[in-house]
Amino acid sequence: MAGTTNGTIVLQRSMKIWAVDPSKQMIKETVINYFFRFGSFPNNTNKYNSLAPLSIGAIVKETNLPNSVVLTAALKFLTEASKFSRVLGLGTTSWGAGEVSKLRQSRFFLRKAHKIAPIFDYARAIANLKTLHKLLKIHYYWPHITTQLALTIFVTDRNDSTIPNSEYILQKNLRVFCACSAYAFHDARKKLHIGKTGQVGP
């Protein structure tokens, strides 16, 4: 539910309570968080759906933000996210030589992902990415950068104790954002023994 206190929008939907400053960044985070956790932007071909009035209306109702503000933030996100996914989907990323180069390249794209969709703890994600690379090295297995990004954000989100189980980032939204197929995502999880909770098991 949402309300206002001294001009500050307070968004509460059990997962978190945000004191949303009227700044563009906080509005962006609020709108995109709702998109990823409670909405659905992929279509049948795993591309981004066009914005529907019902989607905008749902966010307006939950956040108590003006319709024009939500629409502007949503359109900007979809434009940036579509470009990001398209670049990732080209599969032209050059890894370079050595483990340091691989990690540096992965961090570059993770930073880009967080800038477009600041819906996960970036510091934790970097730590999880480093752990993921150690795990990949042990298994002699290096999936595409798209899969690495999806796994890193997935694990970071699932291990955030402030987010209830029912309000995690929707996997279909995450996979489309990272240009990662369902097969690649679940195959990597299986090979690396990453469970539904985001923990590595036996």
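Which residues does Val31 touch, leaving aside residues up to four places away in sequence? Keep that in mind while you get your bearings. The model on your screen is predicted.

**Start with everything shown**

Color by secondary structure and follow the chain from its N terminus: the elements run β-β-β-α-α-α-α-α-α-α-α. That makes 3 strands and 8 helices. Of the 202 residues, 42% count as buried. If you turn on a surface, you are looking at about 10900 Å² of accessible area, and 57% of that belongs to carbon and sulfur atoms. Contacts reach across the sequence too: among those with a separation of 6 or more, 65% join residues 24 or more positions apart.

**Select Val31**

Show its side chain and look around. Here is the reply to the opening question: Val31 touches Ile59, Leu65, Val70, Ala73 and Ala74. Now add Phe36, Phe77 and Phe177. Together with Val31, these touch the most other members of the largest nonpolar core, which has 50 residues. Each of the helices H1 (24-38), H2 (53-63), H3 (67-89), H4, H5, H6, H7 and H8 gives at least two residues to this core. H3 has the largest share, with 8 residues.

**Select 99-116**

This is helix H4. Its 18 residues should span 26 Å at 1.5 Å a residue, and the end C-alpha atoms are indeed 26 Å apart. Color Ser101, Ser106, Phe109, Leu110, Ala113 and Ile116 to pick out the buried residues of H4. They pack against H1, H3, H5, H6 and H7.

**Move on to 122-139**

You are now on helix H5, which also has 18 residues; the expected span is 26 Å and its end C-alpha atoms are 25 Å apart, which agrees. At the N-terminal end, zoom in on Asp121: it caps the helix, with a side-chain oxygen 3.1 Å from the backbone nitrogen of Ala123. Then highlight the buried residues Ala125, Ile126, Leu129, Leu132, His133, Leu135 and Leu136. Their cover includes H4, H6 (145-158) and H8 (182-192). Just past the helix, stop at Tyr140, which takes a positive phi of about 50°.

**Pick Asp157**

Asp157 sits in helix H6. Is this residue buried or exposed? It is buried, with a relative accessible area of 3%. Draw a distance from its side chain to the backbone nitrogen of Ile169 and you should get 2.9 Å. Not counting residues up to four places away in sequence, Asp157 touches Arg37, Ile163, Tyr168 and Ile169.

**Finish at 182-192**

Helix H8 is the last stop. Select Phe185, Ala188, Arg189 and Leu192, which are buried. They cover an arc of only 100° around the axis, so they lie on the same side of H8. A general point helps here: an α-helix has 3.6 residues a turn, so residues three or four places apart point the same way. Look down the axis of H8 and find Tyr183 and Lys190, exposed residues on the face turned away from the buried side. The buried residues of H8 pack against H5, H6 and helix H7 (171-177). Following H8 you come to His193, whose phi is positive, near 60°.

Notes:
Residues numbered from 1 in each chain as written. Predicted model: local features only at pLDDT ≥ 70, side-chain atom pairs only at ≥ 80, totals over all residues. Heavy atoms only, no water. Helix = DSSP H or I, 4+ residues; strand = E, 2+ residues; numbered from the N terminus. Expected span 1.5 Å × (residues − 1). Buried < 20%, exposed > 50% of the residue type's maximum accessible area, 1.4 Å probe, protein only. Contact = heavy atoms within 4.5 Å. Polar contact = N/O pair within 3.5 Å; in protein donor to acceptor, adjacent residues only side chain to side chain. Areas by Shrake-Rupley, 256 points an atom, 1.4 Å probe, with all protein chains shown as cover. Arc of directions from axis to C-beta. Core = buried A, V, L, I, M, F, W, Y, C linked by side-chain atoms within 4.5 Å.
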